[in-house]
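Trainee: Could we go through this model together? I'd like to talk about confidence, helix packing and the pocket.

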Amino acid sequence: MANRHGDRIRFSVLLAEDYAQLLIEEANSLNQKPSSFIRDLVYEHVQYKVALESTAHTILKELEHN
C-alpha cells in the first residue's frame, strides 16, 4: 500500500521476523533508524538501476555507430 505524505509517498512493508531483526540490527550498527536505512537502500537500488540502464543505452548507441 502506498499513501501520499507531502511530496513523498509512504509504503508499508511487511518483513519476516528474522529478516526484520537483521535489518534493525544493521540499521542500529550504522546509527540509523530502520526506516532511514530502508529508504537509503531503495534510493541506492534505483540509482544503480538507472546507471545500468544509462550505461546500456550508451553502449548500444556506440555499437550502432560502429
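Trainee: In which element is confidence highest?

Mentor: Good place to begin, since this is a predicted model. The protein averages a pLDDT of 90, and 100% of the residues score at least 70. Strand S1 (residues 2–5) has the lowest confidence, with a mean of 84. At the top, with a mean of 97, is helix H1 (residues 17–29).

Trainee: Are H1 and H2 roughly parallel or roughly perpendicular?

Mentor: Look at their axes, which come within 9 Å and cross at roughly 95°. Angles of 65 to 115 degrees count as roughly perpendicular. Therefore H1 and H2 are roughly perpendicular.

Trainee: How many residues of the contact of H1 with H2 are nonpolar?

Mentor: Let's name them. H1 brings Leu23, Ile24, Glu26 and Ala27, while H2 brings Pro34, Phe37 and Ile38. One residue of this contact is charged and no polar residue takes part, so by class, with Ala, Leu, Ile, Phe and Pro counted as nonpolar, the nonpolar residues number six.

Trainee: And which element supplies the largest share of the lining of the largest pocket?

Mentor: That pocket holds about 590 Å³ of space. Of its 13 lining residues, Ile9, Arg10, Phe11, Ser35 and Arg39 are the closest to the centre. Strand S2 (8–11) and helix H2 (34–65) each give at least two residues to the lining. The largest share, five residues, comes from H2.

Trainee: Which class has six residues in that lining?

Mentor: Take the classes in turn. Four of the lining residues are charged and three are polar. The class with six is nonpolar.

How values were computed:
Residues are numbered from 1 along each chain as its sequence is written. This is a predicted model: local features need pLDDT of at least 70, side-chain atom pairs count only at pLDDT 80 or more; totals for chains, interfaces and linings use all residues. Side-chain values use heavy atoms; hydrogens and water are left out. On a 1 Å grid over the protein atoms alone, a cavity is a set of points where a 1.4 Å probe fits but cannot get out, and a pocket is an open set with protein on both sides within 12 Å along at least five of seven lines; lining residues have an atom within 4 Å of a point. Grid points are joined across faces, edges and corners, and a volume is the space filled by probe spheres set on the points. Helices (H or I, at least four residues) and strands (E, at least two) are DSSP runs, numbered from the N terminus. pLDDT is the predictor's confidence in each residue, from 0 to 100. Axes are lines fitted to C-alpha atoms, for helices over the stretch in contact, and angles run from 0 to 180 degrees between N-to-C directions. Angles under 35 degrees count as roughly parallel, over 145 as roughly antiparallel, 65 to 115 as roughly perpendicular and the rest as oblique. Contact means heavy atoms within 4.5 Å.
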